[in-house]
Amino acid sequence: MIFISSITSKEKAVDYNKMIICPRCEAYGQVNLSYTYTSLSLFFIPVFKWNKEYYVNMGCCHGIFSLGKDLGEKIEKKKSVEIWAEDLIDLNIEMQVKTCSSCGKQVAYEYNYCPHCGRRI
Ligand SMILES: [Zn+2]
Ligand SMILES: [Zn+2]
């Protein structure tokens, strides 16, 4: 019997809508929250996930910020917590973006599939 397994890095958008004053460019910008994780797949079915990390891409300047895991998980579980500018750790990188032709949202340049609607870009 042959096992087909693969380890991949994935990204998923978290449904969260909030505008804050951006700590980097000081504009009033949309917080786009997503998380990345490493996934082990067996026969193309994800069986194990680890290395979950949350980050925020600001809609104003596309600055990328890291967000604490506790806070990220609470927001993902729809607990009544909010992201504030103080929670964001500036990673000093910018996202290269392109626009999804299906839903119109901006996604990272390197992605072939939209993390918002799942369509191929
Ligand atoms: Zn900004
Ligand atoms: Zn889309």
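Met19 stands opposite Gln30 in β3, and the two strands involved, β2 and β3, run antiparallel and are joined by three bridges. Pairing here takes at least two DSSP bridges between two strands, and the elements themselves are DSSP runs numbered from the N terminus, with helices (H or I) of at least four residues and strands (E) of at least two. This is a predicted model, so to speak of local features calls for pLDDT of at least 70 and side-chain atom pairs count only at pLDDT 80 or more, while totals for chains, interfaces and linings use all residues. Residues are numbered from 1 along each chain as its sequence is written, chains are lettered from A and ligands numbered from 1 in the order in which they are written, and side-chain values use heavy atoms, with hydrogens and water left out. Back at the hairpin of β2 and β3, six residues sit between the strands, and Glu26 takes a positive phi near 65 degrees.

β3 (28-42) has other partners too. Strand β1 (residues 5-14) is joined to β3 by ten bridges, and the two run antiparallel; in this pairing Val14 stands opposite Leu33. β3 and β4 also pair in the antiparallel sense, this time over eleven bridges, with Asn32 opposite Asn57 in β4. Only two residues lie between the strands in the hairpin of β3 and β4, where Phe43 takes a positive phi near 50 degrees.

Ser39 is another residue of strand β3. With a relative accessible area of 0%, Ser39 is buried; the cut-offs are under 20% relative accessible area for buried and over 50% for exposed, with partly exposed in between, using a 1.4 Å probe and protein chains only. Neighbours within four places in sequence aside, Ser39 is in contact with Ser6, Ile7, Thr8, Lys10, Pro46, Phe48 and Trp50, where contact means heavy atoms within 4.5 Å.

Then there are the metals. The zinc ion (ligand 1) has Cys22 (SG), Cys25 (SG), Cys60 (SG) and Cys61 (SG) as its protein donors, at 2.3 to 2.4 Å. Donors are N, O and S atoms within 2.8 Å of the metal (3.2 Å for Na, K and Ca), and since water is not among the atoms, sites may look incomplete. Angles among the four donor atoms of this ion run from 104 to 119 degrees, and the site is tetrahedral. Four donors count as tetrahedral if all angles lie between 85 and 135 degrees; four count as square planar and six as octahedral if opposite donors are over 155 degrees apart and all others between 65 and 115, and anything else is irregular. For reference, the ideal angle for four tetrahedral donors is 109.5 degrees.

Along the chain, the donor residues of the zinc ion (ligand 1) are spaced C-x2-C-x34-C-C. Distant parts of the chain are linked by Cys25, in the loop between β2 (19-21) and β3, and Cys61, in the loop between β4 (45-58) and β5 (63-67), 36 residues apart. Cys25 counts as partly exposed, at 36% relative accessibility.

The zinc ion (ligand 2) draws its protein donors from Cys100 (SG), Cys103 (SG), Cys114 (SG) and Cys117 (SG), again at 2.3 to 2.4 Å. Its four donor atoms subtend angles of 106 to 117 degrees, which makes the arrangement tetrahedral. The spacing of these donors is C-x2-C-x10-C-x2-C. Cys103, in the loop between β7 (97-99) and β8 (106-108), and Cys117, in the segment after β8, link distant parts of the chain, 14 residues apart. Both cysteines are partly exposed, Cys103 with a relative accessible area of 35% and Cys117 with 33%.

Salt bridges come next. The rule asks for a side-chain nitrogen of Lys or Arg within 4 Å of a carboxyl oxygen of Asp or Glu, and by this rule the count comes to four. One of them joins Arg24 to Asp90, with the closest N and O atoms 2.5 Å apart. Arg24 lies in the loop between β2 and β3 and Asp90 in strand β6, so the pair ties together parts that are 66 residues apart in sequence. Arg24 is partly exposed at 27% relative accessible area, and Asp90 is partly exposed too, at 29%.

In another, Glu76 pairs with Lys52, and the closest N and O atoms are 3.0 Å apart. Glu76 belongs to helix α1 and Lys52 to strand β4, a link between distant parts of the chain, 24 residues apart. Glu76 is partly exposed at 28%, as is Lys52 at 25%. Asp15 and Lys78 form a salt bridge as well, their closest N and O atoms being 4.0 Å apart. Here the linked parts are the loop between β1 and β2, which holds Asp15, and the loop between α1 (69-76) and β6 (88-94), which holds Lys78, 63 residues apart. Both Asp15 and Lys78 are exposed.
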